[in-house]
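I sat down with this one to look up its charged pairs and to see how open each partner is. Here are my notes, in the order I made them.

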Amino acid sequence: MGLSRVRAVFFDLDNTLIDTAGASRRGMLEVIKLLQSKYHYKEEAEIICDKVQVKLSKECFHPYNICITDLRTSHWEEAIQETKGGAANRKLAEECYFLWKSTRLQHMTLAEDVKAMLTELRARLRHYQNLVTEIPFSKKKKKKKEQIGA
């Protein structure tokens, strides 16, 4: 079958076109550095990040029940409280979440070989490529789409 009969090509972004796991690991490393340098956590910093990773892997997000920012900040808040004890620390949880998120987004880029492949597909298929996610389209998604050249 030649490319002339191809009507659509679908890719999964997460860990297929973009190394999201690697980007997430880099974000976690930045949070560990923050917790160790600014808050003087020792091994607790890694334990907190490990707990957040587990929570993320079990995450069941329903956008009509809670916003993703609140959900993920809660993961950090719970992990900190489970590890350190004491009262909940929402401010620290927010700081950790936003550092992880911003670092992760900085590293969520298309590799040069992936860009070349998509460019070649676009030329061969002569169809517009579109970024489709499971999360409703937003201004942030539009900005990310522009950043990765999709």
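**Entry 1: K55 and E78.** I began with the side chains of K55 and E78, which meet in a salt bridge at 3.3 Å, N to O. The pair ties together parts that are 23 residues apart in sequence, because K55 lies in helix α2 and E78 in helix α3 (residues 68-84). A reminder to myself: this is a predicted model, and every distance here is computed from it.

Next I checked accessibility. Is K55 buried or exposed? K55 has a relative accessible area of 16%, and since buried means under 20%, K55 counts as buried. E78 has 38% and is partly exposed.

I then looked for further partners. K55 and E78 belong to a network of salt bridges that also links K51 and E82.

**Entry 2: R90 and E77.** My next stop was R90, whose side chain meets that of E77 in a salt bridge, 2.8 Å from N to O. Which helices does this pair tie together? R90 lies in helix α4 and E77 in helix α3, so the pair joins parts that are 13 residues apart in sequence. I looked up both accessibilities: E77 is buried at 17%, while R90, at 28%, counts as partly exposed.

**Entry 3: E95 and K38.** I stayed with α4 and found E95 in a salt bridge with K38, with the closest N and O atoms 2.9 Å apart. This pair links distant parts of the chain: E95 is in helix α4, whereas K38 sits in the loop between α1 (20-37) and α2 (43-57), 57 residues apart. Both partners fall in the middle class for accessibility: E95 is partly exposed at 26% relative accessibility, and K38 is partly exposed at 47%.

**Entry 4: helix α4 itself.** With R90 and E95 both placed in α4, I wanted to see the whole helix. Helix α4 covers residues 90-106, which makes 17 residues. From its first C-alpha to its last, α4 reaches 24 Å, close to the 24 Å expected at 1.5 Å a residue.

Which residues of α4 are buried? I noted L92, A93, C96, Y97, W100, K101, T103 and R104. I was pleased to spot K101 and R104 among them.

**Entry 5: the tally.** How many salt bridges does the structure hold? I wrote down eleven. My notes go through a few of them, including K55 with E78, R90 with E77 and E95 with K38.

Technical notes: Residues numbered from 1 in each chain as written. Predicted model: local features only at pLDDT ≥ 70, side-chain atom pairs only at ≥ 80, totals over all residues. Heavy atoms only, no water. Helix = DSSP H or I, 4+ residues; strand = E, 2+ residues; numbered from the N terminus. Expected span 1.5 Å × (residues − 1). Buried < 20%, exposed > 50% of the residue type's maximum accessible area, 1.4 Å probe, protein only. Salt bridge = Lys/Arg side-chain N within 4 Å of Asp/Glu carboxyl O.
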